[in-house]
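User: I would like a careful look at one part of this model, set in the context of what surrounds it. Please take the part I name below and then work outwards from there.

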Amino acid sequence: MAKAHRLIVVGGGLAGLMTTIRACESGMDVDLFSVVPVKRSHSVCAQGGINGAVNTKGEGDSPLEHFDDTVYGGDFLANQPPVKKMCEMAPGIINLMDRLGVPFSRTPEGLLDFRRFGGTKHHRTAFAGASTGQQLLYALDEQVRRYEVQGKVRKFETWEYLGFVQDADGNCRGIVATNIVTMEIQVFRGSAVALGTGGPGMVFGKSTNSLINTGAAAALTYLQGVKYANPEFIQVHPTAIPGEDKLRLMSESARGEGARVWVPRDGKPWYFLEEMYPAYGNLVPRDIATRAIHKVVYDMGLGVNGQSVVYLDLSHIPAATLRMKLGAILDIYEKFTGDDPTQVPMKVFPAVHYSMGGLWVDYDQMTSVPGLFAVGEVDYSIHGANRLGANSLLSCIYAGMIAGPAMVKWSKGLKNHEEDLSSTSFDDALKLHEQRASFIQKMNGPENPFQLLKELGEWMNRNVTVVRYNSRLQETDDKILEIQERWYRIGIQDRGTWANQSVHFVRQLYSMIHLARPITLGALKRNESRGAHYKPDFPERDDVQFMKTTIATYQSPKNTNLSSPFGVATDQGAPQFSYDPIDVSLIKPRPRKYDTDKASGGASSQK
Amino acid sequence: MEKSNQVEKFVEVQIKRQEKEGAPIYWETFQIKWRPNLNVIALLQDLQSSPVTAEGKTTTPPAWEAACLEEVCGTCSMIINGKPRQACSALVDKLEQPIRLEPFSKFPIVRDLMTDRSRMFEHLKQVKAWIDIDGTHELGSGPRYSQTLALSRYKMSECMTCGCCLEACPQYGPQSPFVGPQAINQLRLFNSHPSGSMNSEERLDRVMGVGGITDCGDAQNCVKVCPKNIPLTESIADVSGQTTRYAFKKLFS
């Protein structure tokens with residue numbers, strides 16, 4: 001009998017875990033890699049809920065309506081077929097998660113309850129208190145543990161991905177990874193590899209993301225020549241709690257449950273979202289709310305007490321209702337600021353939250369390298385130019401449901417077994433990364449790596465987020481090139497060979513600096529405004545020129561070799577850009593407006 | 001401005017250091033510039049960037065773990081001023097100084113404030129903390145149950161496996177087989193689900209021998225330190241009742 005293949009999954013958030021579960025169900029074994037114990041992945045931070053048109057509220061909701069809201073909310077930048085498929089699978093996914101034991105909130109009849117979220121008029125968001133992501137992740141973590149007990153999953157926790165390895169035919173057949181405690185570097189073979197490594201929030205310094213969301217895995221993959229799509233589309237969430245160490249998310253579910261956004265004007269509360277967008281009010285999509293807050297604070301100078309904050313006010317709602325539906329996020333606010341949001345309005349401000357862009361994938365979640373898949377936030381496929389709230393948990397689970405079986409099918413078509421491949425490409429990869437580790441270990445220049453990231457983050461936050469000008473984007477790219485050179489002059493204090501966090505950080509920083517370039521240059525080259533990408537000098541959406549997927553492909557310098565494993569400071573390679581047409585065959589593009597009701601019908605009238 | 005006239009304030013932090021298991025233990029003291037709204041993570045981030053002791057000696061940055069910084073991931077557990085808790089939600093202005101940071105003592109040390117808490121996940125395996133679903137294919141909606149049950153299950157399910165309860169429990173430790181409060185609470189969580197309850201007895205079997213429920217000494221420390229206020233002692237009492245009823249049932253059947 002032929003030897004059974006093994007799959008490799010990198011990343012233990014919702015997407016990686018669902019990929020793992022589906023692969024196991026299809027009879028394959030999985031090696032699962034994660035830089036943290038999988039139960040601590042960033043999916044835990046998703047608060048508000050998960051969308052699916054289960055339609056139990058008598059509102060006439062449907063998957064087609066969900067599909068239309070998602071495509072319209074994404075400002076017609078997503079290829080439509082996978083979005084449709086996801087919305088069709090959404091009710092089934094929510095039912096599945098309920099069967100797995102997620103303690104979703106219920107109605108008096110014991111059915112699943114749903115709440116409202118931004119960018120829709122329907123109660124479509126299932127929720128478990130206000131830590132829905134945590135609860136969904138735990139449910140999948142438990143199922144993976146069940147497979148682990150059965151011997152079908154081997155976990156490699158505290159292992160960090162360094163790159164993928166290809167066979168002679170160019171198929172992805174393994175990875176290189178390092179143990180962040182023992183520091184050993186190893187290659188692992190598999191029939192196919194999936195990356196579910198999350199978003200790049202840390203490239204912006206402070207964000208709503210976990211510290212582990214460096215984007216390093218995606219960047220390393222891009223640096224190996226894999227296509228990276230729509231890098232310039234970065235979501236800035238309108239409501240986060242400003243903080244010294246991080247900007248903590250204050251979920252959109254607060255507004256879904258009735259919170260109002262205001263600033264004092266002429267001695268009275270001014271509910272500016274309700275006035276500017278009467279049809280959707282406080283539940284406009286995130287890009288719209290974020291720009292309105294920027295305008296009110298920066299252009300009109302109306303921030304609360306002259307500071308860069310606005311009020312997010314729940315204090316008119318009974319405290320008992322709030323505790324039941326939003327307990328977890330109220331606790332976060334109270335714990336970190338000392339104020340009780342059931343009594344006083346919260347102070348919030350926009351913060352970098354999510355990357356719509358990511359590794360390019362086809363409709364089976366396969367990247368531009370055969371056998372290498374990407375799932376979840378690290379893939380670009382679903383959210384177009386702006387993601388709707390409560391669609392991220394859904395898209396992560398959806399991607400895993402698709403990728404698991406697709407990887408199994410792909411593996412069955414391979415003509416050889418991974419254990420029988422020549423070791424050359426694996427040996428080369430191992431050698432390169434060992435050289436890189438020892439290069440970093442010896443760095444003794446004057447630059448402080450943590451200061452470098454701080455500088456990068458400040459530039460990215462100032463110039464590559466809510467409002468973008470070409471002159472400042474160009475200056476930012478020049479700055480990134482400077483920081484890239486300075487990276488080679490870093491010095492580290494710790495020369496240890498055990499749990500040396502400085503070495504890991506410096507290696508991640510290299511990747512983060514490289515990923516900052518496609519984000520910035522992608523924005524520079526897109527002369528229009530669409531979803532989260534807004535240029536005052538080009539305020540209109542331009543479907544003729546830019547209703548296209550941005551593709552960034554890294555052109556590497558020629559002089560990388562083992563004696564200079566990071567190349568040379570002065571020649572870092574650069575992203576090349578091309579633009580792919582988008583499949584808009586299911587819903588005809590139309591202007592996106594939230595001051596009036598969405599033009600009726602959308603998908604349902606255009607099939 | 002009023003503030004500019006004030007003398008610069010500093011926060012004093014003492015950190016227990018150890019390079020790896022078996023290496024010598026020593027303490028280092030640091031002075032960190034005070035700013036408003038500092039938490040223990042922000043202090044450690046300062047040291048990461050500039051690891052200089054109060055005596056002006058450059059040292060290695062202390063090793064520590066963190067991820068979400070919103071107290072939902074359970075990563076940044078450590079002992080702060082004698083109490084096991086999450087570093088992210090430990091606000092400097094609410095702590096007595098000097099602030100003393102130590103790693104958990106009930107788990108193998110990795111380095112400095114990092115410990116290896118993987119044993120907790122083994123406890124979850126032991127109590128079969130999952131629902132035995134038939135598969136992920138479409139099977140319609142899940143079982144109906146009340147909002148009251150949903151709320152009580154949600155509370156139990158907020159456990160982030162941070163380990164504070166185990167650090168505080170006098171019965172738990174490297175030499176003890178006791179599974180501890182977190183796993184017992186998870187057992188109750190799954191036994192309380194309509195389909196999970198179909199395998200209740202299998203789970204109870206796992207806590208009725210050595211290291212099981214009867215090892216609890218009723219110190220009630222667990223519930224006092226749980227950052228999520230999970231009713232751990234209630235869960236222990238509930239599961240204890242379940243095991244008693246199950247033992248009688250086995251005896252008379």
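What distance, taken over C-alpha atoms, separates the centres of domain 1 of chain B and domain 2 of chain B?

Analyst: In this predicted model, the centres of domain 1 of chain B and domain 2 of chain B, taken over C-alpha atoms, are separated by 31 Å. The domain assignment places residues 8-115 of chain B in domain 1, while domain 2 of chain B is put together from two segments, 119-134 and 142-251. The two domains also touch, with 14 residues of domain 1 of chain B in contact with 14 residues of domain 2 of chain B. On the domain 1 side of this contact, the largest share comes from strand β4 (residues 83-86) of chain B, which supplies 4 residues. Sorted by class, that side of domain 1 of chain B holds 5 nonpolar, 5 polar and 4 charged residues.

The chain as a whole gives the setting for these two domains. Chain B has 8 helices and 7 strands, and its C-alpha trace spans about 75 × 45 × 35 Å along the principal axes. Of the 253 residues in chain B, 47% are buried. If one considers the contacts in chain B with a separation of 6 or more, 65% of them join residues that are 24 or more positions apart.

A helix pair in chain B can be followed down to its residues. Helix α2 (residues 119-126) of chain B and helix α5 (residues 181-191) of chain B have axes that come within 9 Å and cross at roughly 35°, and the crossing of α2(B) with α5(B) is right-handed. From α2(B), the residues Met120(B), His123(B), Leu124(B) and Gln126(B) take part, and they meet Gln182(B), Ala183(B) and Gln186(B) of α5(B). This contact of α2(B) with α5(B) is made by 3 nonpolar and 4 polar residues, with no charged residues.

Beyond its own domains, chain B meets chain A through a contact that draws 55 residues from chain A and 58 residues from chain B. On the side of chain A that touches chain B, at least two residues each come from α1 (14-25), α3 (80-99), α4 (132-149), α9 (319-337), α12 (449-463) and α14 (501-525) of chain A. The helix that gives the most to this side is α4(A), with 8 residues. By class, the side of chain A that touches chain B is made up of 20 nonpolar, 19 polar and 16 charged residues.

Chain A also contains an open sheet of 3 strands, arranged in the order β3-β5-β4 with antiparallel pairing. Because β3 (50-51) and β4 (114-116) of chain A stand at the edges with a single partner strand each, one side of each has no neighbour in the sheet. The antiparallel pairing of β4(A) with strand β5 (residues 123-126) of chain A runs over 3 bridges, and Arg115(A) stands opposite Thr125(A) of β5(A).

One further residue of chain A, Glu540(A), lies in the loop between α14 and α15 (543-546) of chain A. Glu540(A) counts as exposed because it has 10 C-beta neighbours inside 10 Å, where the cut-off for exposed is 12 or fewer. Apart from neighbours within four places in sequence, Glu540(A) is in contact with Glu528(A) and Ser529(A). Ser62(A), which is 478 residues from Glu540(A) along the chain, has its C-alpha atom 31 Å from that of Glu540(A).

Methods:
Residues numbered from 1 in each chain as written. Chains lettered and ligands numbered in written order. Predicted model: local features only at pLDDT ≥ 70, side-chain atom pairs only at ≥ 80, totals over all residues. Contact = placed C-beta atoms within 7 Å. Nonpolar A, V, L, I, M, F, W, Y, C, P; charged D, E, K, R; others polar. Pairing = 2+ DSSP bridges. Domains from an automatic or database assignment. Axes fitted to C-alpha atoms, helices over the stretch in contact; angles between N-to-C directions. Left-handed = near helix turned anticlockwise from the far one by under 90°. Buried ≥ 20, exposed ≤ 12 C-beta atoms within 10 Å, placed from the backbone.
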